[in-house]
Amino acid sequence: MDLVHKLLNVLLPLISTFVLLCFLPIYLVFKFLSYIKRHIYSEDVSGKVVLITGAASGIGEQISYEYAKRGACLVLVDVREDGLEAVVKKAKNFGSPDVIAIAADVSKVEDAERFVNAAVEHFGRLDHLVNNAGVGDPDELRKNNNILQPRRVMASKAALINFYESLRSEIGHKVRITIVTPGLIKTRMTENLAEKGYDLSFLPSTSKQACAKAIVKSGCRGDKYLTEPSWIRALYPWKVLCPEVTEFCNRFVIIKWKLAWKKSLTRSPQPKID
C-alpha cells in the first residue's frame, strides 16, 4: 500500500495537470455559453414568495426592496422587531403585493421552524429563501478564552459555504443555490467596526443598495456563486496558487487594524475653539 501511495504522489499530479490542460478549453466554452444563457434568462418572481432573514436593516433590507420592485410577496424576518415595520411599508410602496413581518432569532431552531411554517401557512408556498442574517466579531481568536464564542460567526459565514456546497451535491438541480461572498459593504456592521476603532478607510467598499441589486439579479439568474464586487474574484487564484502571499496580505490588514485601534485609544480630544 505504501508503494501505491508513492506512485500516486508522483504520477497523479502529472496526469491531473495533463488532463486539466486538455479539458480546460472545452470547459471555458461551456462556461461562456452558460454565462450568456444566464444573462438572457432571468426568473420572473412576480407573485412568488420570498423569505428574507436579517431584513430589518443593511443588505437584507435592500434585498427586500429589490424583490418588492419585481412584484414578489415577502416574508421579512429579523430579531429586531421594531425595525421591520418601516421595511414592510417601504416594500409595499415599492410594489410588493403582500408583506408579512416575523420577529425571530435564526440561531434558534424553534424560531426557524416557526417563521417557515408561518410563511407557508400564510401564502401556501415558499419559492425563494434568502439566508442573509449574520453576525460579525472582530475580537482576535488568540485572545478569546471562550472556545465556543467564534461558533456563531462560523455558522453564519464560512461554515455555511461548505454546508450549501454539500447540500447542492446532494439535491442536484432540484433546488438552485446561490452562494454569495460579499466584500466590504457599507452597513451597520461595518459602521460598528469603525466606531470600535477599526480603520477600514484603506479598503474599497460597496453600497448596500448595489450589493442587494447584484444578489437579487444573481439569484434570479440561478448563478451558483456571486462575489460582490466582482473584482474580488481576481484575488482567488492568489489564494490557491500563492497561499503564502495571501497570508502575508491578511496579516498586513490585521496589523493595520491594530495600529489604528491603538491610535484611537491614545488620541486626545481636540480642544474646542469658540
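Colleague: Is Arg80 buried, partly exposed or exposed, and what is its relative accessible area?

Modeller: In this predicted model, Arg80 takes part in a salt bridge with Asp78, the closest N and O atoms being 3.9 Å apart. Buried means under 20% relative accessible area and exposed means over 50%. Arg80 falls between these limits and so counts as partly exposed, with a relative accessible area of 31%.

Colleague: And its partner, Asp78: what relative accessibility does that residue have?

Modeller: Asp78 belongs to strand β2, which covers residues 73-78, and its side chain is the acidic side of the salt bridge with Arg80. Because the cut-off for a buried residue is under 20%, Asp78 counts as buried, its relative accessibility being 5%.

Colleague: Which residue forms a salt bridge with Lys48, and is that residue buried or exposed?

Modeller: The side chain of Lys48 meets its partner at 2.6 Å, taken from N to O, while Lys48 itself is partly exposed, with a relative accessible area of 22%. The partner has a relative accessibility of 10%, and therefore counts as buried. The residue in question is Glu43, and it is buried.

Colleague: In which helix do Arg114 and Asp111 lie?

Modeller: The side chains of Arg114 and Asp111 meet in a salt bridge, 3.7 Å from N to O, and Arg114 is partly exposed at 38%, whereas Asp111 counts as buried at 13%. The two residues are three residues apart, about one turn of the helix that holds both of them, and that helix, residues 109-123, is α4.

Colleague: Which strands pair with β1, and in what sense?

Modeller: Strand β1, residues 49-53, is mostly covered, five of its five residues being buried; Val49, Leu51 and Thr53 point one way from the strand, and Val50 and Ile52 point the other way. On one pairing, Thr53 has Val77 of β2 as its bridge partner, and five bridges join these two strands. On another, Val50 has His128 of β4 as its bridge partner, within a pairing of three bridges. The strands asked for are therefore β2 and β4, and the sense is parallel.

Colleague: Which helix completes the β-α-β unit that β2 and β3 make?

Modeller: β2 runs parallel to β3, residues 99-103, and five bridges join them, with Val77 standing opposite Ile102. A right-handed β-α-β unit is also made by β1, α2 and β2. In the unit formed by β2 and β3, likewise right-handed, the helix covers residues 84-93 and is α3.

Colleague: How far apart are the end C-alpha atoms of helix α8, and what should the helix span?

Modeller: Helix α8 runs over residues 208-221, which makes 14 residues, and it is followed by Gly222, whose phi is positive, near 85 degrees. At 1.5 Å a residue the expected span agrees with the distance between its end C-alpha atoms, so both the span and the distance are 20 Å.

Colleague: Which residues are linked with Arg221 in a network of salt bridges?

Modeller: Arg221 is one of the buried residues of α8, a group that also includes Cys211, Ile215 and Val216. The elements that cover these buried residues include α1, α2 and β5. The structure holds nine salt bridges, and the network containing Arg221 links that residue with Arg38 and Asp223.

How values were computed
Residues numbered from 1 in each chain as written. Predicted model: local features only at pLDDT ≥ 70, side-chain atom pairs only at ≥ 80, totals over all residues. Heavy atoms only, no water. Helix = DSSP H or I, 4+ residues; strand = E, 2+ residues; numbered from the N terminus. Expected span 1.5 Å × (residues − 1). Buried < 20%, exposed > 50% of the residue type's maximum accessible area, 1.4 Å probe, protein only. Contact = heavy atoms within 4.5 Å. Right-handed = clockwise from strand over helix to strand, strands pointing away. Salt bridge = Lys/Arg side-chain N within 4 Å of Asp/Glu carboxyl O.
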